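Notebook open, one chain to go through. I want the fold layout, the core and any odd peptide bonds.

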Amino acid sequence: MKKTLSIIALSIIGFGLVSCKKENKETQSTETATTDSAAVAAPVTTDSTAAAVTGETAAPVSNEPSTSVALSENNFDFGKIKKGDKVEHVYEITNTGKNPLIISEVKPGCGCTAPDFTKEPIMPGKKGKVTLHFDSSSFDGNVQKYADVFANVEKSPIRLTFTANIQP
């Protein structure tokens with residue numbers, strides 16, 4: 001009996017961790033299009049197990065001097081797309097500060113979203129890119145997804161979001 005309950009409990013926990021349809025409903029403020037910075041990002045543990053259990057996002061450690069950025073947009077609407085379509089959108093990020101901008105990581109909120117981003121330092125006045133690739137195969141109707149961009153800015157991570165209306 002105990003063995004059966006243990007297997008069921010582990011199955012439920014495992015399914016909850018890998019499920020792409022359920023998102024963490026934490027109330028986090030949407031980042032504004034411009035983020036100013038005066039401090040270095042505080043180091044936070046990168047233990048992914050602790051992050052999964054507590055629901056907190058572990059931020060990569062950054063020892064780089066802070067800078068500020070401007071985004072072309074922080075939200076994009078794909079509109080109506082067919083179920084199974086694989087779409088992508090490029091978000092432009094401009095370094096408006098005095099130090100090189102270093103994007104250390106982009107963490108999507110779901111396995112259905114894959115990021116690409118400028119990995120070289122982005123010099124002051126120059127632009128970099130964050131591309132989010134979305135696979136709509138597992139969804140129906142209206143969806144909203146996000147990815148957190150970790151960089152050497154004060155209000156890191158910067159949250160990029162997108163929406164889509166998935167048609168059968």
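My entries on this chain follow.

I'm working with a predicted model, where local features need pLDDT of at least 70 and side-chain atom pairs count only at pLDDT 80 or more, while totals for chains, interfaces and linings use all residues. Numbering starts from 1 along each chain as its sequence is written, and side-chain values use heavy atoms, with hydrogens and water left out.

Layout first. I get two helices and nine strands, taken as DSSP runs numbered from the N terminus (helices H or I, at least four residues; strands E, at least two). From the N terminus, I read the order as α-β-α-β-β-β-β-β-β-β-β.

Next, contacts, meaning heavy atoms within 4.5 Å. Of those with a separation of 6 or more, 68% join residues 24 or more positions apart.

Then burial (buried is under 20% relative accessible area, exposed over 50%, partly exposed in between; 1.4 Å probe, protein chains only). I find 34% of the 168 residues buried.

What sits in the largest nonpolar core? I take such a core as a set of buried Ala, Val, Leu, Ile, Met, Phe, Trp, Tyr and Cys residues joined through side-chain atoms within 4.5 Å. This one has 28 residues, and Ile93, Ile103, Val106, Val130, Leu132 and Phe134 have the most contacts inside it. S2, S3, S4, S5, S7, S8 and S9 each supply at least two of its residues. S9 gives the most, five.

I looked up Ile103 too: beyond its neighbours within four places in sequence, its contacts include Ile93, Phe117, Val130 and Phe150.

Last, the odd bond: Ser156 to Pro157 is cis, omega near 5°. I place Pro157 in the loop between S8 (141–151) and S9 (158–167).
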